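Me: Please take a close look at one part of this model, the metal site. Then carry on from there to the other local features worth checking by eye.

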Amino acid sequence: MRVTAILAAGGAGRRLGAGVPKQLLELGGVSILERSVAAFTAHPRISEIILALPADIAAAPPEWLRQDPRVHVVPGGPRRQDSVANAFDAIDQAADVVLVHDAARPFVSGDVISRAIDAASEHGAAVVAVPATDTVKRAAPGDGDARRIVETLPRADIFLAQTPQAFRREVLGAAIALGRSGVEATDEAALAEQAGHPVRIVQGDAHNVKITTPEDLESARTRMASRTVSATRVGTGYDLHRLVNGRPLVLGGITVPFQRGALGHSDADVICHAVTDAVLGAAGLGDIGRHFPDTDPRWKDASSLGLLRDAVQLAHDAGYRVVNVDACVILEQPKIAPFIERIRASLAEALRVPADFVSVKGKTNEGVDAIGHGDAVAAHAVALLEQTR
Ligand code: MG
């Protein structure tokens, strides 16, 4: 089944923020529009996305919109139904089901999208909606606070429509043709009803809110902020190795010229070992000894940078990516300042992050204890990971 998603983002919507269309306002560092588009590009059943944007933005779309070949941009029209009609003209003619989504709903979930696709495929037309929880009153026409209630509607029969709305392609075609003949409607489901196609209700989601007012934006930002906190995890790592004659001194994957080196089963790279433990710890995956035991001959003289790469892969498989790492290496000699940039670059490659997100600092132990006497080298590390799903 081929599924196209139309995202209506043609409105100027400038009442939310000073001079910026509301779809370009940011939520947690990413625009509302980008979050909405990402909900569909991330969905495995969507093969094409047609985005109706205000004409000035459509003429010069932002860089991130040009990166995914499934995303196409068309200029919107004066009304929402005009924007959707323009987008419909650009869809793949082999599409079986077409979704219409309001780009001001950035929190739409994959489950909601799946339910809309299934219902449209089976019944022809479907609207995502939630049952009314407030009692709904109908008032007599008038202005101000003095309006009089003429009817209390039975709440059990009232649903609040969200998007996506989903249609078999020919059903949406008939609805849009009706709209082009002069019928006005606030959504395509209303046009489909008027064109004689029954529209099913599918279960929506209370989080799938439309961001329309400054209060909506504020509560969406609060929600993003708390989500960011709950979706990040921190881990720490520590390691120490003895320094002996006749071994290379490997720090963060870089061999530092020195007459002594760290003793160990692998290359005994204390920075990589501490960072590996920090990454594994943040992901809740145990420690380096559990995954790469020094009793296993596979890890004899192994590159610890390779072990770090493997740990980052384990974290990825568990649904985490590295955000940043800070490490501190403690040794009396030699001075590592000349090697710091190469160590950061080497760690950054293994961690799959830009070098700016890796920090390495050198310390001495002021002549105190084994490290201060030059008999050992140690490292501490902290890693921040972000949940990717
Ligand atoms: Mg070690």
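Reply: A caution first: this is a predicted model. Start at the metal.

The magnesium ion is coordinated by D239, H241 and H273. D239 appears twice in the donor list, each time through OD. H241 gives NE2, and H273 gives ND1. The distances run from 2.2 to 2.8 Å. Water is not among the atoms, so the site may look incomplete.

Now place these donors along the chain. Their spacing is D-x1-H-x31-H. The pair D239 and H273 links distant parts of the chain, 34 residues apart. D239 sits in strand β12, residues 232-245. H273 belongs to helix α8, residues 270-282.

How buried are D239 and H273? D239 has a relative accessible area of 16%, so it is buried. H273 is at 9% relative accessibility and also counts as buried. The cut-off behind both calls is under 20%.

Stay close to α8 in sequence. A268 lies in the loop between β15 (260-262) and α8. Its backbone deserves a look. A268 is not a glycine, yet its phi is positive, at about 60°. The residue is buried, with 1% relative accessibility.

E366 offers a second case of this backbone feature. Its phi is near 55°, again a positive value in a residue other than glycine. E366 lies in the loop between β17 (358-363) and α12 (369-372). Is E366 buried or exposed? It is exposed, with a relative accessible area of 68%. Set that beside A268, which counts as buried at 1%.

Next, the peptide bonds. The bond from T163 to P164 is cis, with omega near 10°. P164 is in strand β10, residues 159-168. Another cis peptide bond joins Q333 and P334. There, omega is about -10°. P334 has its place in a loop, between β16 (320-330) and α11 (340-351). One proline is thus in a strand, the other in a loop.

Turn to the rings. The structure holds one aromatic pair. F292 and W299 form it, with ring centres 5.1 Å apart and planes at 90°, so the pair is edge-to-face. The angle clears the cut-off for that label, which is over 60 degrees. Both partners are out of the way of solvent by the accessibility criterion: F292 is buried at 9%, and W299 is buried at 13%.

A charge over a ring comes next. R223 lies over the face of F107. The distance to the ring centre is 4.0 Å.

Then the helix packing. Which way do α3 and α5 cross? Helix α3 covers residues 80-89, and helix α5 covers residues 169-180. Their axes come within 10 Å and cross at roughly 130°. That angle makes α3 oblique to α5. It falls short of the roughly antiparallel class, which needs over 145 degrees, and lies beyond the perpendicular range of 65 to 115. The crossing of α3 past α5 is left-handed.

Finally, three loop positions with long C-alpha distances to locate on screen. P21 and L25 share a loop, the one between β1 (3-8) and β2 (26-27). P21 counts as buried, at 9% relative accessibility. L25 is buried too, at 11%. P21 and R155 are 134 residues apart in sequence, and their C-alpha atoms are 35 Å apart in space. For L25 and D317, the separation in sequence is 292 residues, and the C-alpha distance is 32 Å.

A206 is the third position. Its loop runs between β11 (200-203) and α7 (214-230). Unlike the buried L25, A206 counts as exposed, at 64% relative accessibility. The C-alpha atoms of A206 and A59 are separated by 35 Å. Along the chain, these two residues are 147 apart.

To return to your part: a magnesium ion held by D239, H241 and H273, with D239 on strand β12 and H273 on helix α8.

Note on methods. Residues are numbered from 1 along each chain as its sequence is written. This is a predicted model: local features need pLDDT of at least 70, side-chain atom pairs count only at pLDDT 80 or more; totals for chains, interfaces and linings use all residues. Side-chain values use heavy atoms; hydrogens and water are left out. Donors are N, O and S atoms within 2.8 Å of the metal (3.2 Å for Na, K and Ca); water is not among the atoms, so sites may look incomplete. Helices (H or I, at least four residues) and strands (E, at least two) are DSSP runs, numbered from the N terminus. Buried means under 20% relative accessible area, exposed over 50%, partly exposed in between (1.4 Å probe, protein chains only). Rings of Phe, Tyr and Trp (its six-membered ring) pair if their centres lie within 6.5 Å; planes under 30 degrees apart count as stacked, over 60 as edge-to-face and the rest as tilted. A charge sits over a ring if NZ of Lys or CZ of Arg is within 6 Å of the ring centre and within 35 degrees of the ring normal. Axes are lines fitted to C-alpha atoms, for helices over the stretch in contact, and angles run from 0 to 180 degrees between N-to-C directions. Angles under 35 degrees count as roughly parallel, over 145 as roughly antiparallel, 65 to 115 as roughly perpendicular and the rest as oblique. A crossing is left-handed if the near helix is turned anticlockwise from the far one by less than a right angle, and right-handed if clockwise.
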